[in-house]
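Reader: I would like a close look at a single part of this model, namely the site where the ligand sits. Please take me through the surroundings of the ligand slowly, and then through the parts of the chain that lead away from there.

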Amino acid sequence: MTCDLGISLDGFSAGPHQSLDQPFGDGVGGGEKLHAWMFDHGDDHADEVAAIVDAGAFVMGRNMFTPGRGDWDLDWKGWWGDDPPYHAPVFVLTHHEREPLEMDGGTTFHFVTGGPEAALERAREAAGERNVSVAGGATTINEFLDAGLIDELRLHVAPVVLGVRGGVRIFDGVGPRGLTATHVRRTPEVTHLTYRR
Ligand SMILES: NC(=O)c1ccc[n+]([C@@H]2O[C@H](COP(=O)([O-])OP(=O)(O)OC[C@H]3O[C@@H](n4cnc5c(N)ncnc54)[C@H](OP(=O)(O)O)[C@@H]3O)[C@@H](O)[C@H]2O)c1
């Protein structure tokens, strides 16, 4: 199982108070502070971008799928339009049940209330021989890291200190562990770091 996450130098993947207007929360703008490398320099990072969506199934937290909280707004179909970039089953962790949502291009969102192990089991079954990827956000990734379920962690570190009080950070609540650094690629707009457990 792999995991990709864009973070700041101080470890944040999102700020507080996520909303429709601020998908990444306060202090992160529209995400460009973390993802300019992807938005503005995509050709220079084509391999890393391709790897992010190279999986047979995905797992994500509900707050990556929607700014909504509590009961579902059934009109909400994700941030990505009719044809999301996953082209595979996506298992969304949530405490609120919802029927599967089939989109164009092979992406179907399944809503899983049984926790990370249940989501992973369903994702592995759906992916067959292919990889399962945890897409985010950091809250969900930290649960998988703490449970020791992530084989390869790929952090994309933007050279910015966000300093967002109340934001979400990678490794928060994750017990002590060592990781093996397997790859690094430094560019002006991002440093790509790969670790294996
Ligand atoms: N920097 C990046 O690369 C990146 C990547 C992805 C997302 N993001 C940003 O990060 C933010 C979202 O990340 P986040 O860390 O705040 O939240 P998240 O991990 O996306 O979602 C957390 C939510 O998922 C549900 N959930 C998580 N674990 C669960 C469990 N064990 N059982 C049942 N439900 C569970 C809960 O939702 P309910 O209780 O409400 O059902 C929980 O509040 C957004 O601003 C997004 O735009 C950034």
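Author: Sorted by class, the shell around the ligand consists of 11 nonpolar, 14 polar and two charged residues. This is a predicted model, and every value given below is computed from its atoms. Of the 27 residues around the ligand, the ones that come nearest are T94, H95, T139, T140 and E143. The space that the ligand takes up is the largest pocket.

Several elements of the chain build this shell, for β1 (2–7), β2 (12–14), α1 (32–39), α3 (62–65), β7 (132–136) and α5 (138–146) each supply at least two of its residues. The largest share, four residues, comes from α5.

The polar contacts can be taken one by one. A polar side-chain atom of E143 lies 2.5 Å from a nitrogen atom of the ligand, while the backbone of P23 places an N or O atom 2.7 Å from an oxygen atom of the ligand. The backbone of A138 also takes part, with an N or O atom 3.3 Å from an oxygen atom of the ligand. Taken alone, the ligand exposes 930 Å², and the protein buries 87% of that.

Since α5 gives the largest share of the shell, this helix deserves a closer look. Within α5, the residues A138, T140, I141, N142, F144 and L145 are buried. An α-helix has 3.6 residues a turn, so residues three or four places apart point the same way. Just ahead of this helix, G137 is found in the loop between β7 and α5, and the peptide bond that joins G136 to G137 is cis, with omega near -10°. After the helix comes G148, whose phi is positive, near 70°. Most residues other than glycine have a negative phi, and most peptide bonds are trans.

Two residues that are not glycine nevertheless have a positive phi, and each can be placed in a loop. H87, with a positive phi of about 50°, is found in the loop between α3 and β4 (89–93). H87 has a relative accessible area of 44% and therefore counts as partly exposed, since that class lies between 20% and 50%. F171, whose phi is near 75°, has its place in the loop between β9 (168–169) and β10 (180–186). With a relative accessible area of 36%, F171 is likewise partly exposed.

Returning to the residues that come nearest to the ligand, one of them is H95, which is found in the loop between β4 and β5 (101–102). H95 is exposed, because its relative accessible area of 77% is over 50%; that class takes only the protein chains as cover. The C-alpha atoms of H95 and V112 are separated by 7.8 Å, although these residues are 17 residues apart along the chain.

Another loop, the one between β1 and β2, holds D10. D10 is buried, because its relative accessible area of 17% is under 20%. From C-alpha to C-alpha, D10 and E102 are 37 Å apart in space, and they are 92 residues apart in sequence. The two strands that flank the loop of D10 are also among the elements that supply at least two residues each to the shell around the ligand.

Notes. Residues are numbered from 1 along each chain as its sequence is written. This is a predicted model: local features need pLDDT of at least 70, side-chain atom pairs count only at pLDDT 80 or more; totals for chains, interfaces and linings use all residues. Side-chain values use heavy atoms; hydrogens and water are left out. A residue is near a molecule or strand if one of its heavy atoms lies within 4 Å of it. A polar contact is a pair of N or O atoms within 3.5 Å; within protein, one must be able to donate a hydrogen and the other to accept it, and residues adjacent in sequence count only if both atoms are side-chain atoms. Accessible areas come from the Shrake-Rupley method with a 1.4 Å probe; for residues, only the protein chains shown count as cover. On a 1 Å grid over the protein atoms alone, a cavity is a set of points where a 1.4 Å probe fits but cannot get out, and a pocket is an open set with protein on both sides within 12 Å along at least five of seven lines; lining residues have an atom within 4 Å of a point. A molecule sits in a cavity or pocket if more than half of its atoms lie within 2 Å of its grid points. Ala, Val, Leu, Ile, Met, Phe, Trp, Tyr, Cys and Pro count as nonpolar, Asp, Glu, Lys and Arg as charged, and the others, Gly among them, as polar. Buried means under 20% relative accessible area, exposed over 50%, partly exposed in between (1.4 Å probe, protein chains only).
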